[in-house]
Amino acid sequence: AGRVRPQPPRSCEDYWEEWKHCRGLRHAFHHYYAHGELPDCGRWREDYEACRAWERDRAAAAQVPGPLLACPGPCRPGLPGQKPRSLGVWKLRKSPPPDWYLPLD
């Protein structure tokens with residue numbers, strides 16, 4: 001049996017596209033609106049550089065998977081479970097108000 005050559009779980013172009021998407025104005029505005037801060041896109045760039053280093057030199061340092069290299073499919077950092085969506089503005093209710101069925105006027 002032949003030896004299996006290690007390779008990045010995704011193509012380098014995937015990391016580049018994710019980095020470009022993360023740096024885009026629309027994504028930055030949405031992320032700021034939803035989370036109250038600008039997105040951290042540095043991890044996508046680091047993983048892209050590690051992927052290219054692996055393709056170019058088979059560099060040992062590039063074999064260490066970062067948080068995004070281990071991502072099996074299209075995923076974006078920071079969205080699921082990183083922070084609550086609320087920034088402390090709204091108090092969450094456990095049940096609806098007693099008069100929820102009345103007209104609003």
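This report walks through the helices, disulfides, core and aromatic pairs of the structure above.

## Ground rules

The model is predicted, so local features need pLDDT of at least 70 and side-chain atom pairs count only at pLDDT 80 or more, while totals for chains, interfaces and linings use all residues. Residues are numbered from 1 along each chain as its sequence is written, and side-chain values use heavy atoms, with hydrogens and water left out.

## Overall layout

Let us start with the chain as a whole. The protein chain has three helices and zero strands, and its elements run α-α-α from the N terminus on. Helices (H or I, at least four residues) and strands (E, at least two) are DSSP runs, numbered from the N terminus.

Of the 105 residues of the protein chain, 25% count as buried. Here buried means under 20% relative accessible area, exposed means over 50%, and partly exposed lies in between, with a 1.4 Å probe and protein chains only. A contact means heavy atoms within 4.5 Å. Among contacts in the protein chain with a separation of 6 or more, 65% are accounted for by residues 24 or more positions apart.

## Two disulfides

How many disulfides does a search of the whole structure find? There are two, a disulfide being a pair of cysteine sulfur atoms within 2.5 Å. One of them joins C12 to C51, with an S to S distance of 1.9 Å. The torsion about the S-S bond of C12 and C51 is about -90°, so this disulfide is left-handed. C12 belongs to helix α1 and C51 to helix α3, so the pair ties together parts that are 39 residues apart in sequence. Both C12 and C51 are buried.

The other link is formed by C22 and C41, whose sulfur atoms are 2.0 Å apart. With -85° about the S-S bond, the link of C22 and C41 is left-handed. C22 lies in helix α1 and C41 in the loop between α2 and α3, so this pair ties together parts that are 19 residues apart in sequence. C22 and C41 are both buried. Leaving aside neighbours within four places in sequence, C22 is in contact with H27, P39, D40, C41 and W44.

## The nonpolar core

The four cysteines meet again in the largest nonpolar core, whose eight residues are C12, Y15, W19, C22, C41, W44, Y48 and C51. A nonpolar core is a set of buried Ala, Val, Leu, Ile, Met, Phe, Trp, Tyr and Cys residues joined through side-chain atoms within 4.5 Å. Two elements, α1 and α3 (42-57), give two or more residues to this core. The largest share, four residues, comes from α1.

## Helix α2 and its two sides

Which residues of α2 are buried? They are H27, A28, H31, A34 and H35. Seen down the axis of α2, these buried residues fall within an arc of 140°, so they line one face of the helix. That arc is taken over the directions from the helix axis to the C-beta atoms. The buried residues of α2 pack against α1, whereas the face turned away from the buried side carries the exposed residues L25, R26, F29 and Y33.

H27 gives a closer look at the buried side. H27 is placed in helix α2 (residues 25-35), and at 13% relative accessibility H27 counts as buried. Not counting residues up to four places away in sequence, H27 touches H21, C22 and P39. Just after α2, G36 takes a positive phi of about 80°.

## Aromatic pairs

A pair of aromatic rings is described by the distance of the centres and the angle of the planes. Rings of Phe, Tyr and Trp (its six-membered ring) pair if their centres lie within 6.5 Å; planes under 30 degrees apart count as stacked, over 60 as edge-to-face and the rest as tilted. A search of the whole structure finds four aromatic pairs. One of these is the tilted pair of W16 and W19, 5.0 Å centre to centre with 40° between the planes. Both tryptophans lie in helix α1 (residues 12-23), three residues apart, about one turn of the helix. W16 counts as partly exposed at 28% relative accessibility, whereas W19 is buried, with a relative accessible area of 17%. Another pair, W100 and Y101, is edge-to-face, at 6.0 Å centre to centre and 90° between the planes. Both W100 and Y101 are exposed.

W16 and W19 also join Y48 in one aromatic cluster. What sits over the ring of W19? The charged end of R45 does, 4.6 Å from the ring centre. A charge sits over a ring if NZ of Lys or CZ of Arg is within 6 Å of the ring centre and within 35 degrees of the ring normal.
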